[in-house]
Amino acid sequence: MDLGKTKIGIIGLGYVGLPLAIEFGKKIKVIGYDISSKRISELNNHLDSTLEVEQEEFKESEFISFTYNPEALLDCNVFIVTVPTPIDKNKRPNLDPLISASKIVGKNLKKNDIVIYESTVYPGCTEEDCVPVLEESSDLVFNKDFYCGYSPERINPGDKEHKVTSIKKITSGSTPEIAEEVDYLYSQIITAGTHKAPSIKVAEAAKVIENIQRDVNIALINEFAVIFKKLNIDTSAVLRAAGTKWNFLPFKPGLVGGHCIGVDPYYLTHKAESIGYHPEIILAGRRLNDGMSSYVVNQLMKAMTKKRIHIRDAKVLIMGLSFKENCPDIRNSKVADIIKELKDFEISVDVYDPWVDYDEVYKEYGVKVINEIPQDSYDGIIIAVAHKEFIDMGINEIKCLGKESNVIYDLKNIFDSTETDERL
């Protein structure tokens with residue numbers, strides 16, 4: 001691959017696509033494409049609402065341009081697709097964004113071009129679902145006129161230590177020669193090194209099980225937390241004690257949301273069921289983790305009832321809505337499920353989160369976020385996300401937000417167990 005003649009088109013400029021585009025743009029010509037004109041305007045002004053890229057990094061990426069015009073991709077000879085792969089309301093894979101992106105690429109595809117997918121999918125998706133769309137849209141033949149690769153994203157939103165260049169990259173290609181080309185391309189920016197998988201399907205499978213492994217492990221710890229609650233044992237103390245053994249895995253209980261861990265397992269289970277196998281452990285872990293929001297609400301109401309706080313018309317403050325700490329990402333936030341359940345019990349809910357975009361939250365969940373917290377106002381307080389602002393407030397300041405009789409639920413176990421009423 002002659003890097004001087006290479007022009008990369010990156011389709012999708014969210015949490016995954018933008019950092020990748022910025023890094024490639026430091027060395028190779030890049031066109032960053034997104035369907036949102038608002039997003040493109042933001043990026044052209046060197047602003048990133050996801051907070052993954054700093055303004056200085058835009059200036060360092062001298063070979064990049066941003067557009068919402070798909071025709072601008074025509075000059076590219078490498079395309080990297082980084083669009084979301086969500087699930088529908090029935091928890092089945094929704095490939096619409098992936099298929100739409102493939103159609104856009106296909107219309108700009110030329111002989112000898114390479115299309116690389118980074119979106120998390122089930123094994124076989126690239127070659128069985130995406131390639132036919134590319135062929136139909138381009139009138140070209142796969143592995144004769146154009147080629148494909150798969151290199152799964154490993155972005156961890158909000159993580160300033162593990163960034164795209166410092167995370168080892170899995171690469172693969174539709175032929176041995178293309179696998180070499182794809183690996184060489186990524187090696188230009190990935191300082192942590194690459195791992196060349198023997199096939200696209202292997203790379204797809206490796207990505208999806210990374211998140212499933214975490215999901216199942218967290219489900220196990222969540223089940224421990226439920227059991228230890230019934231036994232009146234502090235789960236955090238148990239985990240600290242067990243953690244003194246060198247090979248005990250340091251997982252913690254909590255809500256499992258976000259764009260990956262709470263979604264990706266359904267891609268593999270969908271594929272498994274399509275070939276006649278019903279997964280047991282994966283789906284059991286999903287059911288348990290999906291039920292944790294209800295568990296939190298029930299525990300909160302029990303604690304309020306013990307303090308003779310009337311549930312109906314009670315007022316509850318939820319501190320944090322993003323799916324993880326110190327990050328504005330609200331995708332698949334399980335805190336939203338807590339809000340919905342509380343409202344079903346006719347409880348008044350205030351939500352405070354200094355990290356999120358208020359308009360985005362309202363559009364996605366119909367929730368209005370408050371920008372100031374009144375004191376002496378709440379019957380219940382749920383510390384749902386471990387934002388640094390909440391840690392800095394300290395438990396005494398948080399207690400001042402509650403009424404004389406109140407319940408504080410420390411969902412993230414930020415504070416000592418003696419300082420709050422409930423915790424996981």
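**Entry 1. Aromatic rings**

I began with Phe-146, which is buried, with a relative accessible area of 0%. I note at the outset that this is a predicted model. I then looked up the ring partner of Phe-146 and found Phe-142: the ring centres are 5.7 Å apart and the planes stand at 45°, so I entered the pair as tilted. Phe-142 also counts as buried, because its relative accessibility is 19% and the cut-off for buried is under 20%.

I searched the whole structure for aromatic pairs and obtained six. Among them I recorded Phe-24 and Tyr-186, a tilted pair with 5.7 Å from centre to centre and 55° between the planes. I placed Phe-24 in helix 1 (residues 17-24) and Tyr-186 in helix 6 (residues 176-187), so this pair ties together parts that are 162 residues apart in sequence. I found both Phe-24 and Tyr-186 to be buried.

**Entry 2. Lysines over rings**

I next checked for charges over ring faces. Lys-169 lies over the face of Tyr-186, at 4.6 Å from the ring centre. I noted that Tyr-186 is also the partner of Phe-24 in the tilted pair above. I found Lys-245 over the face of Trp-246, at 5.4 Å from the ring centre.

**Entry 3. The parallel sheet**

I traced an open sheet of six strands in the order 11-10-9-12-13-14, with parallel pairing. At its edges I located strand 11 (369-370) and strand 14 (422-423); each has a single partner strand, so one side of each is left without a neighbour in the sheet.

Within the sheet I examined strand 12 (residues 378-383) and strand 13 (residues 402-410), which pair in the parallel sense over five bridges. Here I found Ile-381 opposite Ile-408 of strand 13. I then looked up what packs on the sheet and recorded helix 14 (residues 388-399), which touches strand 9 (315-319), strand 10 (348-352), strand 12 and strand 13. The direction of helix 14 makes about 140° with that of strand 13.

**Entry 4. Cysteines**

How many disulfides does the structure hold? I found zero. I followed this up at Cys-76: the closest cysteine sulfur, in Cys-148, is 15 Å from the sulfur of Cys-76, too far for a bond. The cut-off for a disulfide is within 2.5 Å.

Is Cys-76 buried or exposed? I entered Cys-76 as buried, because its relative accessibility is 0%. I entered Cys-400 as partly exposed, at 38% relative accessibility.

Conventions:
Residues are numbered from 1 along each chain as its sequence is written. This is a predicted model: local features need pLDDT of at least 70, side-chain atom pairs count only at pLDDT 80 or more; totals for chains, interfaces and linings use all residues. Side-chain values use heavy atoms; hydrogens and water are left out. Rings of Phe, Tyr and Trp (its six-membered ring) pair if their centres lie within 6.5 Å; planes under 30 degrees apart count as stacked, over 60 as edge-to-face and the rest as tilted. Helices (H or I, at least four residues) and strands (E, at least two) are DSSP runs, numbered from the N terminus. Buried means under 20% relative accessible area, exposed over 50%, partly exposed in between (1.4 Å probe, protein chains only). A charge sits over a ring if NZ of Lys or CZ of Arg is within 6 Å of the ring centre and within 35 degrees of the ring normal. Two strands pair if DSSP finds at least two bridges between them. Contact means heavy atoms within 4.5 Å. Axes are lines fitted to C-alpha atoms, for helices over the stretch in contact, and angles run from 0 to 180 degrees between N-to-C directions.
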